[in-house]
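Reader: I have a structure open in front of me and I am new to it. Could you show me how to read its features, one at a time?

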Amino acid sequence: MAEQRIITVDGVTLTVVIERKAVKNINARLRDTTLSVSAPNAVDGTALDEAIITLARRLLQRIHKRRVNHEEDALALVRQVVTRFPSPPAIDHAEFTLTEARWGSYSVATRTVRLNAVLLRMPRWVLEAVVAHEIAHAIHPDHSPAFWRLLRSVCPDTDRAQTFLNAVTWMARTWRDLPPVERALLTGMYDEDNQT
Ligand SMILES: [Zn+2]
């Protein structure tokens, strides 16, 4: 008999339907907000609970990644920024990812630019600065003085963008530890009238 429960993963509420079967592995399928799970009879509750969260997170990420890459064509963006380079390198692939622990990366082997999906929520010049940074790695794989010279010449916003991203990282790490009154103070500051 199928067991049913409600879980919330990364802010999304899902109905989980679990069926115990003579299967080897735990499998999951996501349709809208219903996660159908089949699990071997022998798997104990705790292991199953953990597996469900992991599988749900992976499936939700896959859906979100598809949505984000539909929202913006990463390769078109790269092709646009690459024209700023005096001798534009050939980039074959580009995508927004949700598994990147960095803001971006460049693979020499596959000539692929990967961009952190959160960049899409930031000001355009920040996103473009990261794109320019990764493209510059197609020419200089390191962070040598030549790398920075090239990058600053094609992207004058380089240092400003770095400062912006450092502040985002700092805030993301600090947010949870801020006293609620100070968090409220920060979220109330969005109002144009409050700015001095
Ligand atoms: Zn770099």
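Reader: Let me begin with a pair of strands. Which residue stands opposite Arg29 in strand 4?

Author: In this predicted model, the residue opposite Arg29 is Ser36 of strand 4. The two strands involved, strand 3 and strand 4, pair in the antiparallel sense over five bridges.

Reader: Where do these strands sit in their sheet, and what is the strand order?

Author: The sheet is open and has four strands in the order 1-2-4-3, with mixed pairing. Strand 1 (3-9) and strand 3 are at the edges with a single partner strand each, so one side of each has no neighbour in the sheet. On average, neighbouring strands here are turned by 25° against each other, direction ignored.

Reader: What lies across this sheet?

Author: Helix 1, residues 45-71, lies across strand 1, strand 2 (12-21), strand 3 and strand 4. Its direction is at about 55° to strand 1.

Reader: I would like to understand backbone angles too. What sign does phi usually have?

Author: The general idea is that most residues other than glycine have a negative phi. Asp32 is a case to look at here: its phi is positive, near 50°, and it is not a glycine. You will find Asp32 in the loop between strand 3 (27-31) and strand 4 (34-40).

Reader: Is Asp32 buried or exposed?

Author: Asp32 is exposed, because 7 other C-beta atoms lie within 10 Å, and a residue counts as exposed at 12 or fewer.

Reader: Where is Arg111, and what is its phi?

Author: Arg111 belongs to the hairpin of strand 6 and strand 7, which has four residues between the strands, and its positive phi is near 50°. Arg111 is partly exposed, with 14 other C-beta atoms within 10 Å.

Reader: Now the sheet that holds strand 7, please. What is its order?

Author: This one is an open sheet of three strands, ordered 5-7-6, and the pairing is mixed. Its edge strands are strand 5 (93-97) and strand 6 (104-107), each pairing on one side only. From one strand to the next, the twist averages 15°.

Reader: In which sense does each neighbour pair with strand 7?

Author: Strand 5 pairs with strand 7 in the parallel sense, over five bridges. Strand 6 pairs with strand 7 in the antiparallel sense, over four bridges. To trace the pairing on your screen, start from strand 5: Thr97 has Asn116 of strand 7 as its bridge partner, and Glu95 stands opposite Arg114. From strand 6, Gly104 stands opposite Leu115.

Reader: Where do the side chains of a strand point?

Author: As a general idea, side chains in a regular strand alternate between the two faces of the sheet. As for what packs on this sheet, helix 2 (residues 74-82) touches strand 5 and strand 7, and its direction makes about 120° with that of strand 5.

Reader: Why is strand 7 described as largely enclosed?

Author: Four of its five residues are buried, so the rest of the structure largely encloses strand 7.

Reader: What follows strand 7 in the chain, around Met122?

Author: Met122 is in the loop between strand 7 (112-116) and helix 3 (124-136). Met122 is partly exposed, having 17 other C-beta atoms within 10 Å. Try finding Phe164 as well: Met122 and Phe164 are 42 residues apart in sequence, while their C-alpha atoms are 9.5 Å apart in space.

Reader: Let us step back. How many helices and strands does the chain have?

Author: There are six helices and seven strands. Reading from the N terminus, the elements run β-β-β-β-α-α-β-β-β-α-α-α-α.

Reader: How is the chain divided into domains?

Author: Domain 1 covers 3-70 and domain 2 covers 74-189. The contact between them takes five residues from domain 1 and seven residues from domain 2. On the side of domain 1 that touches domain 2, one residue is nonpolar, three are polar and one is charged. The centres of the domains, taken over C-alpha atoms, are separated by 32 Å.

Reader: What is the radius of gyration of the chain?

Author: The chain has 22 Å, whereas a compact globule of 196 residues would have a value near 16 Å. Along the principal axes, its C-alpha atoms fill a box of roughly 65 × 50 × 25 Å. Of the 196 residues, 17% count as buried.

Notes
Residues numbered from 1 in each chain as written. Predicted model: local features only at pLDDT ≥ 70, side-chain atom pairs only at ≥ 80, totals over all residues. Buried ≥ 20, exposed ≤ 12 C-beta atoms within 10 Å, placed from the backbone. Domains from an automatic or database assignment. Contact = placed C-beta atoms within 7 Å. Nonpolar A, V, L, I, M, F, W, Y, C, P; charged D, E, K, R; others polar. Pairing = 2+ DSSP bridges. Axes fitted to C-alpha atoms, helices over the stretch in contact; angles between N-to-C directions. Rg over C-alpha atoms; globule rule 2.2 N^0.38 Å.
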